[in-house]
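Hello,

I am passing a structure on to you, and my notes on it follow below. Please have a look at it first and then read on.

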Amino acid sequence: MVARRGEDYIESLRQRQPTVYYDGRRVDDVLNHPAFKIPIQTLARIYDLQHDPRYRDRLTIPHNGDRMNITYMIPRSKEDLRRIREALNIIYDNLLGFFGRCYDYLNMWVAIFAAHAWDFFGDRDKRFGENALGIYERCSGNDTFLTHAIVAPMVDRSRKASELIDPYIQAAIVEKNSRGVLVRGAAMVSTAAPYSEEIIYFPNLLRDPHPRYALAFVCPSNLDGIKFIARRSFRPREGYGEFEYPISSRFEESDAFVIFDNALIPWEDVLICEDVDKIIPMMWGGVYMKAWFNYHFNIQYYSRLKFLTGLAFLITQAIGTEKFINVQEKLGELLIYLNLTRASIIAAEDEGEKLPNGLYRPNPEIAVSASHFNMKALPRAFEIIKLLSGGALVSLPSSIRDLENPEIRRYIDKYLVGSGVSAVERIKLFNLAWDVVSSEMGQRYELYDRFSRGDPTVMWSRMPMQFNEQKEECIRLVKELLDSIPNPKA
Ligand SMILES: Cc1cc2nc3c(=O)[nH]c(=O)nc-3n(C[C@H](O)[C@H](O)[C@H](O)COP(=O)(O)OP(=O)(O)OC[C@H]3O[C@@H](n4cnc5c(N)ncnc54)[C@H](O)[C@@H]3O)c2cc1C
């Protein structure tokens, strides 16, 4: 098992490119397509960290005489989980909390699937348990980069999938044969799909209990019949990127629509087939992916909140508002979000649980609650940056060429200085702030923060049902007090 370098990922992708459409055309080579250059380079840079002497011992672990990517490790103890989190801290501090679909995110999913090979996937049919282990060996062995697609196209959410004009809009089983499962349908977003090597599919909700939708698999992204239609890239115009769009030019991720056009998923890649009872426990209870990915999100957000808080302080210093009470209240609010997120990560580890299968799982109530809170806290952090910046957010001028023109440079140096910062420093700062909260990419990240774990309304409203035990405990406390209060004499 070998932890990759960036060049290994690029070479592997060269040889196994998925079918991608961009701007109406089939992409010949995703590696050389301008729309995918930024994310591929960013990913390659993060893979390289595994071989950086500063990080090697924390991003990789010894395995069979070689080194394995630590995010493929199955955590068996609190200490293991803490080690994975420290690796994620390195990755997301490097990414400033952006680029949430870096390699680590889905590596963890594959490791968790393997941990549940026998008590979940293979408990009724041992083939699926063997498949969970086989998928894990394949992906961890190659240090594979995965994407995932779990949400059905948004055609009409008031109807079940089988009531739509075509029952094969949500990905579904068409037939089973000796080689595998024939799948037709689509999924609405798969971030990173155009430069992925494997894809995880399962439905996030039991929108329809028909067995044809009860399907989970992990297969190569370049399998015949799997097609990705990528959204328009937000890459900045050539030559201006770094200065005008310092975040877009580093952390642009690609999102794609996924089509399974009679894709034959080989049996060895299938984890669930027509077993309706397994869909909900993939997310809640059972495999409980919610506990894992929300824990992961909190770690991403811890890095992002550090960055957003630093940005907010620099903005207020540059315009001389830092000491105003209304400004300090907002800066304090950011620090509260930051520290609550930090606390939730540590608490989810401390109050985690060792499962009978040996896996050590972060505490679901804490991980999910903190991440659901962040569905609203992160957009609020964006709002705070806008409120603190006022009109200065429209960075004028913003082009490096303006600063290079001596005819206007003297005006810029006079009128665009800030409090203790030069005009160049101020323009760079507000270009950054604009890119973070207002550019196309900034808007996309805000959407991601709100929706990427599900719709906040639906997610928050499910919590009373999902945390029923906690609900009952809270009610019991009040009832005990009520019961202790004397009743009127009859
Ligand atoms: C930037 C970005 C990246 C993403 N990347 C990925 C990815 O890599 N892989 C992936 O699988 N998914 C990804 N997603 C999709 C994401 O998982 C979904 O957007 C998310 O699960 C929310 O589901 P939805 O969009 O279907 O919204 P819905 O759940 O359909 O909600 C849409 C609206 O309808 C309302 N609504 C819907 N159903 C109900 C109901 N039953 N009762 C009341 N109100 C309802 C909601 O309140 C909301 O206002 C991404 C999304 C974004 C924005």
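Two strands count as paired if DSSP finds at least two bridges between them. With that in mind, S5 and strand S8 (residues 198-201) are a good place to begin: they run parallel and are joined by four bridges. Across from His148 stands Ile200 in S8. Please remember throughout that this is a predicted model.

**The four-stranded sheet**

S5 and S8 belong to an open sheet of four strands, ordered S5-S8-S9-S12, in which the pairing is mixed. Strand S5 (146-149) and strand S12 (270-273) are at the edges and have a single partner strand each, so one side of each is left without a neighbour in the sheet. From one strand to the next, the twist averages 20°.

Which strands does H5 touch as it packs on this sheet? The helix touches S5, S8, strand S9 (215-220) and S12, and its direction makes about 80° with that of S5. Helix H7 (residues 126-142) also lies across S5, S8, S9 and S12, and it runs at about 150° to S12.

**The six-stranded sheet**

There is also an open sheet of six strands, again with mixed pairing, in the order S2-S1-S10-S11-S7-S6. Its edge strands are strand S2 (25-26) and S6, each of which pairs on one side only.

Going through part of that order, strand S10 (residues 226-230) and S11 run antiparallel, with five bridges joining them. Ala230 has Ala256 in S11 as its bridge partner. On from there, S7 and strand S11 (residues 255-266) are antiparallel too, and nine bridges hold the pairing. Ala256 turns up here as well, since in S11 it stands opposite Ser190.

Then come strand S6 (residues 172-176) and S7, an antiparallel pair with four bridges. A hairpin of three residues leads from S6 to S7, and Lys176 has Val181 in S7 as its bridge partner. Is strand S7 (residues 180-191) mostly covered or mostly open? Mostly covered: nine of its 12 residues are buried.

**Two domains and where they touch**

The domain assignment of the protein gives domain 1 (6-280) and domain 2 (288-476). Their C-alpha centres lie 25 Å apart. In the contact between them, 35 residues of domain 1 meet 33 residues of domain 2.

Which helices each supply at least two residues of the side of domain 1 that touches domain 2? They are helix H4 (78-94), helix H5 (103-115), helix H6 (117-121) and helix H8 (241-244). H4 gives the largest share of that side, with nine residues. By type, the residues on that side of domain 1 are 19 nonpolar, seven polar and nine charged.

**Helices H11 and H12**

Helix H11 (residues 289-318) is worth a look for its length and its surroundings. At 1.5 Å a residue, its 30 residues should span 44 Å, and this agrees with the 43 Å between its end C-alpha atoms. Is H11 largely enclosed or largely open? A residue is buried if 20 or more other C-beta atoms lie within 10 Å of its own. In H11, 24 of the 30 residues are buried, so the helix is largely enclosed by the rest of the structure. After H11 comes Gly320, which has a positive phi, near 70°.

Helix H12 (residues 325-350) has 26 residues; from its first C-alpha to its last it reaches 36 Å, close to the 38 Å expected at 1.5 Å a residue. Its buried residues are Leu334, Tyr337, Leu338, Thr341, Ser344, Ile345, Ala348 and Glu349. An α-helix has 3.6 residues a turn, so residues three or four places apart point the same way. Among the elements that cover the buried residues of H12 are H4, H11 and helix H13 (364-389).

**One exposed residue**

Finally, you may like to find Ser461, which lies in helix H18 (residues 456-466). Why is Ser461 called exposed? The cut-off for exposed is 12 or fewer other C-beta atoms within 10 Å, and Ser461 has 10, so it counts as exposed. Between Ser461 and Leu264 there are 37 Å in space, C-alpha to C-alpha, and the two are 197 residues apart in sequence.

Enjoy exploring it, and with best wishes

How values were computed: Residues are numbered from 1 along each chain as its sequence is written. This is a predicted model: local features need pLDDT of at least 70, side-chain atom pairs count only at pLDDT 80 or more; totals for chains, interfaces and linings use all residues. Domain bounds come from an automatic or database domain assignment. Two residues are in contact if their C-beta atoms, placed from the backbone, lie within 7 Å. Ala, Val, Leu, Ile, Met, Phe, Trp, Tyr, Cys and Pro count as nonpolar, Asp, Glu, Lys and Arg as charged, and the others, Gly among them, as polar. The expected span of a helix is 1.5 Å times one less than its number of residues. Axes are lines fitted to C-alpha atoms, for helices over the stretch in contact, and angles run from 0 to 180 degrees between N-to-C directions.
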